[in-house]
Amino acid sequence: MSQITLYYGKGSCSLAPHSLLQHLGISFKTVELIYGDNGLETADGTLSNAEYRKINPAGYVPCLIVDGEPITEQFAVMTMAALLSPDKEAGEALLGRNPLDRVRVTQWMSWLADTLHSSGYGAYLHPQRYVEDHKDKYDAVKAKGLKVIEYAHDLIEKKLAGRTYMVGEHLTVVDIFSYVIWRWGEPLAGLDMKKYPAYSKLAQRVEALDGVKKATKAEDVPLCFE
């Protein structure tokens with residue numbers, strides 16, 4: 001049996017692979033990271049940011065260690081988690097049940113990570129990453145990030161019109177990642193999530209999964225639809 005450790009930040013994007021691992025019944029350990037003066041470090045103080053970067057040079061989450069091998073980037077981490085499923089067929093189905101669905105899963109996971117997460121929330125919450133030495137431009141960067149977030153939510157809402165899931169007719173990793181991002185809309189970006197009823201129905205459907213409930217409980221973050 002593989003030795004698996006997930007480095008995560010409470011309520012962050014790493015909640016998606018955390019939920020997936022729980023959903024698939026995979027045995028794994030977790031290490032919580034929090035922001036310190038120099039970046040992410042372990043919550044229990046055992047690893048500084050510099051020490052964590054020896055494990056994951058990028059210094060962020062999620063990071064999945066499988067038999068000593070670090071895996072980073074959201075889609076790669078969730079793909080590995082799916083492939084580690086004790087039920088091989090169930091795990092692979094979460095990556096798409098046919099060639100077109102697998103391509104669509106790749107398409108959406110890349111877009112969610114690059115456009116909505118990085119270009120949207122990255123700019124809105126961390127403008128210094130884009131214009132570090134120009135604090136006078138922070139507001140403009142944040143405004144651009146918010147526009148990306150709003151545009152992305154509109155696109156997801158249109159995509160889900162008349163649909164149950166983001167890809168095909170069954171649950172995939174795209175739905176789980178989309179749920180985690182949905183959670184951020186109101187508290188982080190100030191969005192009125194009532195404007196996105198189809199997206200909200202998807203989020204409610206995903207949150208009802210036992211694996212998601214276990215992951216949110218483990219991270220001590222609240223459910224949204226109780």
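**Two domains and the contact between them**

In this predicted model, 18 residues of domain 1 are in contact with 17 residues of domain 2, contact meaning heavy atoms within 4.5 Å. Domain 1 covers residues 4-87 and domain 2 covers residues 90-208, with bounds that come from an automatic or database domain assignment. Taken over C-alpha atoms, the centres of domain 1 and domain 2 are separated by 20 Å.

A word on conventions may help here. Residues are numbered from 1 along each chain as its sequence is written, and side-chain values use heavy atoms, with hydrogens and water left out. As the model is predicted, local features need pLDDT of at least 70 and side-chain atom pairs count only at pLDDT 80 or more, while totals for chains, interfaces and linings use all residues.

The size of an interface is often given as the accessible area lost when the parts come together. Between domain 1 and domain 2 about 1400 Å² is buried, and carbon and sulfur atoms give 80% of this area; buried area is the accessible area (1.4 Å probe) that two parts lose on being put together, summed over both. On the side of domain 1, Cys13, Phe75 and Met78 lose the most area to domain 2, together 33% of what that side buries. The rule finds 0 salt bridges across this interface (a salt bridge being a side-chain nitrogen of Lys or Arg within 4 Å of a carboxyl oxygen of Asp or Glu). It does find 3 residue pairs in polar contact, both residues at pLDDT 80 or more. A polar contact is a pair of N or O atoms within 3.5 Å; within protein, one must be able to donate a hydrogen and the other to accept it, and residues adjacent in sequence count only if both atoms are side-chain atoms.

Which elements give two or more residues to the side of domain 1 that touches domain 2? They are helix H1 (15-23) and helix H3 (74-83), where helices (H or I, at least four residues) and strands (E, at least two) are DSSP runs, numbered from the N terminus. H3 gives the largest share of that side, 6 residues.

Just before H3, glutamate 73 sits in the loop between strand E5 (69-72) and that helix. Glutamate 73 has a positive phi of about 80° although it is not a glycine. Another loop, between helix H2 (49-55) and strand E4 (63-66), holds proline 62. The peptide bond from valine 61 to proline 62 is cis, with omega near 0°.

Finally, the structure holds 1 salt bridge. In this pair the side chains of arginine 183 and glutamate 207 meet at 3.8 Å, N to O. Arginine 183 lies in helix H7 (residues 173-189) and glutamate 207 in helix H8 (residues 197-207), so the pair ties together parts that are 24 residues apart in sequence.
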